Number of protein chains: 2
Amino acid sequence: MINILVVEDDAELNETICRYLNYSGYEVSGAMNGADALRFMENKKYDLIVSDIMMPLMDGFVFAETVRAVNQEIPILFMTAKDDLGSKEKGFARGIDDYLVKPFDLTELKWRIAALLRRVRIEQVKKIEIGAFVIDEEEHTANYRGEEIALTKKEFSVLYKLLSFPKKTFSRAALMEEFWGYDSNSTSRSVDVCIAELRKKISEVEEFEIITVHGLGYKAVMR
Amino acid sequence: MINILVVEDDAELNETICRYLNYSGYEVSGAMNGADALRFMENKKYDLIVSDIMMPLMDGFVFAETVRAVNQEIPILFMTAKDDLGSKEKGFARGIDDYLVKPFDLTELKWRIAALLRRVRIEQVKKIEIGAFVIDEEEHTANYRGEEIALTKKEFSVLYKLLSFPKKTFSRAALMEEFWGYDSNSTSRSVDVCIAELRKKISEVEEFEIITVHGLGYKAVMR
DNA sequence: AAGATTTTTACAAAATCCTTACAATTTCCT
DNA sequence: AGGAAATTGTAAGGATTTTGTAAAAATCTT
């Protein structure tokens, strides 16, 4: 699954873009401003960013600069309302970035995204291998010593997440927000139940385990 | 699987060509310039190159020269916007190369590629064989143990797609977009009905099956 | 118009997910 | 340390969502 982060302060446009890209098979997150976007990126690996340039608080370039300080790889597709860009702005983009002038066609957006992704060769399989344990996002399967471990959608998401950032502790709230949705009931024990089920299913796996960080959440650790 | 490398700096055209060739059954990589292309070639063996001539940084001829220093065999199909080529440029191509003048029809491109590949005696892969099961794109037929399995257009498209990428899960949305078109109603159950019909028709086939990935979509797996 | 194909609909079946309840564990406080 | 409070583990079962599929309706083909 390819993850795209959309940064756009116009709620309606943001929603339209996200919806369309999601429909096109991408996993999409919509952030309303740069600060939000940076928070998103702390908790999820994105393959591409689509960002407006003119936004309140933090403009697209400042945002991009901050992002690049951490991740040099990720391509950024800038959206701008100005029909002709200043040379300074044009020069800001690197070889693997691109521009799109509003208003644009959604199909056009999709093509540009596909082209950018192709350019950085993101289309490789996202597989995480830990000893004899393999979790594959494209196939949506988990295997241990050649035997498939059947995981449900939520279980898969959570486990893949934990293993993507080993040792990092994820709060229930964070997992809840990402996989269950914003409006989820905070008193819900769903995450715990999901973790319990995962532990049962990976009980044979010796390479890692999910441990509880009391009062904070869960994390995956190698052993 | 035949691997084709497309070298074209116009992102949109690049994407269009890649998408089309991919749809035609080739494994395609898209490079935006010669340097990129050479990097690609370090990591993968290609059977044919489709390259623009006029590109920034490194033009198509310089690129081709570099390629041939390493690989004498690989055929190169040049694309050019000029209607009449200089004799020097014409003379550059070898017997197993070809030219295509822009703008061109995609069908024309496909035909030329097929011709070039034939010339170097590489067999076309439009046929997928899995044990006693054969699905042939050219004839648009499916056979099992010599008996034809009659498939409708949609059924054929979906099955061919699933079998082209075994184990990969395709979401309803993705299949919908590719074979039904983006405007299609997202609440539609057409994909499910199509899968149900396919399953009925391939129920005798032992070599593979279509599996439901709950909450995500469908995939074909060997067994 | 007849036949084939595709879509919609409706209901059944299955899978997933959530809540609940109570037990176990950990932390906090004196 | 001992007990209270908060947090976590987890089984059970019922609610919800997703999928299967037959049959009717709509659409396309010839």
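The following questions and answers concern a predicted model and address the surroundings of its DNA strands and one strand of chain B.

User: Which residues come nearest to DNA strand C?

Analyst: A residue counts as near when one of its heavy atoms lies within 4 Å. There are 18 residues around DNA strand C. Of these, the nearest are A:T152, A:W180, A:S188, B:T152 and B:W180.

User: What distance separates a polar side-chain atom of B:T152 from a phosphate oxygen of DNA strand C?

Analyst: Residue T152 of each chain has a polar side-chain atom beside a phosphate oxygen of DNA strand C. For A:T152 the distance is 2.6 Å. B:W180 also places a polar side-chain atom 2.6 Å from a phosphate oxygen of this DNA strand. For B:T152 the distance is 2.5 Å.

User: Which helices each supply at least two residues of the surface near DNA strand C?

Analyst: The residues of this surface divide into 4 nonpolar, 8 polar and 6 charged. Both chain A and chain B contribute helices to it. In each chain, the helices concerned are helix 6 (153–164) and helix 8 (190–201).

User: Of the atoms of DNA strand D within 4 Å of the protein, what percentage belongs to sugar or phosphate?

Analyst: DNA strand D is surrounded by 24 residues, and the closest are A:T212, A:G215, B:R199, B:G215 and B:Y218. For DNA strand C, sugar or phosphate accounts for 80% of the atoms within 4 Å of the protein. For DNA strand D, the rest of such atoms belong to bases, and the sugar or phosphate share is 57%.

User: Which elements give two or more residues to the surface near DNA strand D?

Analyst: Side-chain N or O atoms lie beside phosphate oxygens of DNA strand D at 3.2 Å for A:R172, at 3.0 Å for A:K200 and at 2.6 Å for B:R199. The elements that give two or more residues to this surface come from both chains. In chain A and in chain B alike, they are helix 8 and strand 11 (208–213).

User: Why is strand 3 of chain B largely enclosed by the rest of the structure?

Analyst: On one side of this strand B:L48, B:V50 and B:D52 are buried, and on the other B:I49 and B:S51 are buried. Strand 3 of chain B is largely enclosed because, of its 5 residues (48–52), the number buried is 5.

User: Which residue of strand 4 of chain B is the bridge partner of B:D52?

Analyst: Strand 3 of chain B pairs in the parallel sense over 4 bridges with strand 1 (residues 3–7) of chain B, where B:L5 stands opposite B:I49. Strand 3 also pairs in the parallel sense over 4 bridges with strand 4 (residues 76–80) of chain B. In strand 4, the bridge partner of B:D52 is B:M79.

Note on methods
Residues numbered from 1 in each chain as written. Chains lettered and ligands numbered in written order. Predicted model: local features only at pLDDT ≥ 70, side-chain atom pairs only at ≥ 80, totals over all residues. Heavy atoms only, no water. Polar contact = N/O pair within 3.5 Å; in protein donor to acceptor, adjacent residues only side chain to side chain. Nonpolar A, V, L, I, M, F, W, Y, C, P; charged D, E, K, R; others polar. Buried < 20%, exposed > 50% of the residue type's maximum accessible area, 1.4 Å probe, protein only. Pairing = 2+ DSSP bridges.
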